[in-house]
Amino acid sequence: MNLAKLPLHFRFFRAAVVYLLVGGFLGFLFSYEAVHHYTHGTTIVSGHIVLMFFGWVTMTIMGAMSKMVPTMISRDLYSEDWGEITYWFMNIGIIGYSGSLLFEGFSSDIYGFVLPWFYPNISFLFVSFIVVSCVIFAYNLYRTIGLRTEKLSDPSIGLSLDFYRASIAYFVLSIVIATLAVLGFTTDVFSPLKFANVLWVAPFTTLGWMTMTIMGAMYHLLPMFTISKVPNLKLAKFQFWALNFGIVFTGVAGLLGAKRIIFEGVEVSPLSVLQTVGVIFAGLGAFAFVYIMAWTVMTRKRRELNISMKFYIAALFYFALTGIFGVWLKTKPGYEFAEANTIILGHGLLSVIGFVSLTIMGSMYSIIPMLAVVELHAKSKKVPTVLTEMYNERLARLSFWLSTVGVAGYIMGLVGEGYVTAIMGAEAAETAAFPYKILSATFVFVLAVGVLLFANNMRKILGWLKD
Amino acid sequence: MAEEKDPKLMEKLKEVIDPELGESLVDMGLIKSATLDKSGNATVEFIPSSPVCPIAFYLASQIKKKTLEAEGVRSARVYCRGHAMEENINKSVNPPE
């Protein structure tokens, strides 16, 4: 199959699916006790995170934004060349950085080899490619959409653009803070960020970059798939600002050294107040979003839900659940209960698999075929009558159910394991936790099959573009 | 006031299927107007399912093709309404004669 001349956005999508398969395979292995025993705490896990965060999620977002955002304002991408550089730098950075982390984990952490003194510099070289690529991507997008957009044919487009502008800003901020932390600047006694470590970019990456982008996309994709409109734009704008306040307040409080918990009884400090207010705002923003999306689906003109909508509804359910879960974990009793067990991991995976990945999978089932139709039509090639001709519809439905049920079972297994560990203590819970480990392992397998079927369908769709 | 919809044109336009939704634009109520004058000049206005629908270009060209195939039509002009790129779409589907 000759796909060498694929337009940029399709190459981003294709690479993202490949990273999903590689990174997902590693994650699949980690969920089994025999592998987890060796890999836990090593840089192998970091390699998996790099593949999933930069490879799967960020490459998808970059590809979608490079095509969809200019279309929304009837312009071309500011520079296709910068787009190409972003694509290649991201690939070099992701492959190099994840590869170096995996190598370090296997050779040093597991087999005990002493790596040469210059080895960290190799990792940092590849990180630099990612950092430069992210900055170029942000510059290219801002030059395309500007800081304000006038003359929009529909106000909901302006709303989506606001989400995208904000999400790109949070992404750059995350990269800058992470770079400062990796370089050791935040540990300097004179740094105001001296308490911060790389984990404190979480509000900016998970809520700011991933969630804000997904929300921006859903504000125009969900009405498109249901032939409806965003029912209340004022509430949507409130939701946008509430989430922004939430991200900034919790993010800044964290960077300045606030503890990870709120509602600490009498121990009230300006930072804990800032963090508490931030969590309340973020919660309001998140639940207002779920409410607006549910309202949009309820008032739809089109009764039948396509495959993308099914993924979205499951993802929104998991998003609401992860929000409730997250607020509970921010309370003192919640944090103390879940602190040293798999409940926190369950919450994190519910968010990144249940919400982020299911949304991306759902979007890809419509966006890639639609853009492929545009490409086929432009080249005067055969265009399918309906998009579902481009992939196996039965396998798509099966991939939806396997992925959705797989996430639910996997998270239940992790929460169950965490619960018995919290009640009985780690050593005493060894036997009691065993059924939950079996549950997790079984449903991870179910999830993996769903992902494989999804990847196969994406391969089929891209196959329509072959010469 | 109801928009004019010529029955013959509407019947022909039922053949234009939205690939994303799998239904005809007529059945989805996305054809805003379809008129035919005595000289055989047809004018069709349609509204895509979203202001950012990526396949609006394709739909516009399909509408033009089917309109020209309708009985008694000598020329056709197709206008997309309410799309972020409607100016570009309308220019590309209605080139100056």
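**Exercise 1. Two domains in contact**

Task: Find how many residues of domain 1 of chain A are in contact with domain 2 of chain A, and which helix of domain 1 gives the most to that contact.

Solution. Keep in mind that this is a predicted model.

- Step 1: Count both sides. In chain A, 21 residues of domain 1 are in contact with 20 residues of domain 2.
- Step 2: Look for the helices on the domain 1 side. Helix 1 (8-30) and helix 3 of chain A each supply at least two residues there.
- Step 3: Pick the main contributor. Helix 1 of chain A gives the most to the side of domain 1 that touches domain 2, with 9 residues.
- Step 4: Sort the domain 1 side by class. This side of chain A has 13 nonpolar, 5 polar and 3 charged residues.
- Step 5: Place the domains. Domain 1 of chain A covers 1-149, and domain 2 covers 305-311 + 331-467. Their C-alpha centres lie 19 Å apart.

**Exercise 2. Helix 3 against helix 4**

Task: Work out how helix 3 of chain A and helix 4 of chain A are oriented to each other: roughly parallel or roughly antiparallel?

Solution. Two packed helices are described by the angle between their axes and the distance between the axes.

- Step 1: Read off the distance and the angle. Helix 3 of chain A and helix 4 (residues 80-110) of chain A have axes 8 Å apart and pack at about 170 degrees.
- Step 2: Apply the cut-off. Angles over 145 degrees count as roughly antiparallel, so helix 3 of chain A is roughly antiparallel to helix 4 of chain A.
- Step 3: Find some of the residues that meet. Among them are A:Val50, A:Leu51 and A:Phe54 in helix 3 of chain A, and A:Met90, A:Ile94 and A:Tyr97 in helix 4 of chain A.
- Step 4: Sort them by class. The contact of helix 3 with helix 4 of chain A has 12 nonpolar, 9 polar and 2 charged residues.

**Exercise 3. Helix 12 against helix 15**

Task: Do the same for helix 12 of chain A and helix 15 of chain A, then name the classes of residue in their contact.

Solution.

- Step 1: Start from the axes. Those of helix 12 (residues 342-378) of chain A and helix 15 (residues 434-463) of chain A come within 10 Å and cross at roughly 10 degrees.
- Step 2: Compare with the cut-off. Angles under 35 degrees count as roughly parallel, so helix 12 of chain A is roughly parallel to helix 15 of chain A.
- Step 3: List the partners. From helix 12 of chain A come A:Met361, A:Met364, A:Ile368, A:Pro369 and A:Ala372, which meet A:Phe454, A:Met458 and A:Ile461 in helix 15 of chain A.
- Step 4: Sort the residues. The contact of helix 12 with helix 15 of chain A has 8 nonpolar, no polar and no charged residues.

**Exercise 4. Where the chains meet**

Task: Which helix of chain A gives the most to the side that touches chain B?

Solution.

- Step 1: Count both sides. There are 25 residues of chain A in contact with 23 residues of chain B.
- Step 2: Collect the candidates. Helix 3 (43-72), helix 7 (202-226) and helix 12 of chain A each give two or more residues to the side that touches chain B.
- Step 3: Choose. Helix 12 of chain A gives the most, with 6 residues.
- Step 4: Check the classes. The side of chain A that touches chain B has 15 nonpolar, 8 polar and 2 charged residues.

**Exercise 5. The sheet of chain B**

Task: Sketch the sheet of chain B that has the strand order 3-4-5, and mark its edge strands.

Solution.

- Step 1: Draw the order. In chain B, 3 strands form an open sheet in the order 3-4-5, with mixed pairing.
- Step 2: Mark the edges. Strand 3 (31-36) and strand 5 (75-80) of chain B are the edge strands, as each pairs on one side only.
- Step 3: Add the antiparallel pair. Strand 3 and strand 4 of chain B run antiparallel and are joined by 5 bridges. B:Thr35 stands opposite B:Thr43 in strand 4 of chain B.
- Step 4: Draw the turn. Strand 3 and strand 4 of chain B form a hairpin with 4 residues between them, and B:Gly40 in the turn has a positive phi of about 90 degrees.
- Step 5: Add the parallel pair. Strand 4 (residues 41-46) and strand 5 of chain B run parallel, joined by 6 bridges. B:Ala42 stands opposite B:Ala76 in strand 5 of chain B.
- Step 6: Lay on the helix. Helix 2 (residues 56-69) of chain B packs on the sheet and touches strand 4 and strand 5 of chain B.

Conventions: Residues numbered from 1 in each chain as written. Chains lettered and ligands numbered in written order. Predicted model: local features only at pLDDT ≥ 70, side-chain atom pairs only at ≥ 80, totals over all residues. Axes fitted to C-alpha atoms, helices over the stretch in contact; angles between N-to-C directions. Parallel < 35°, antiparallel > 145°, perpendicular 65-115°, else oblique. Contact = placed C-beta atoms within 7 Å. Nonpolar A, V, L, I, M, F, W, Y, C, P; charged D, E, K, R; others polar. Pairing = 2+ DSSP bridges. Domains from an automatic or database assignment.
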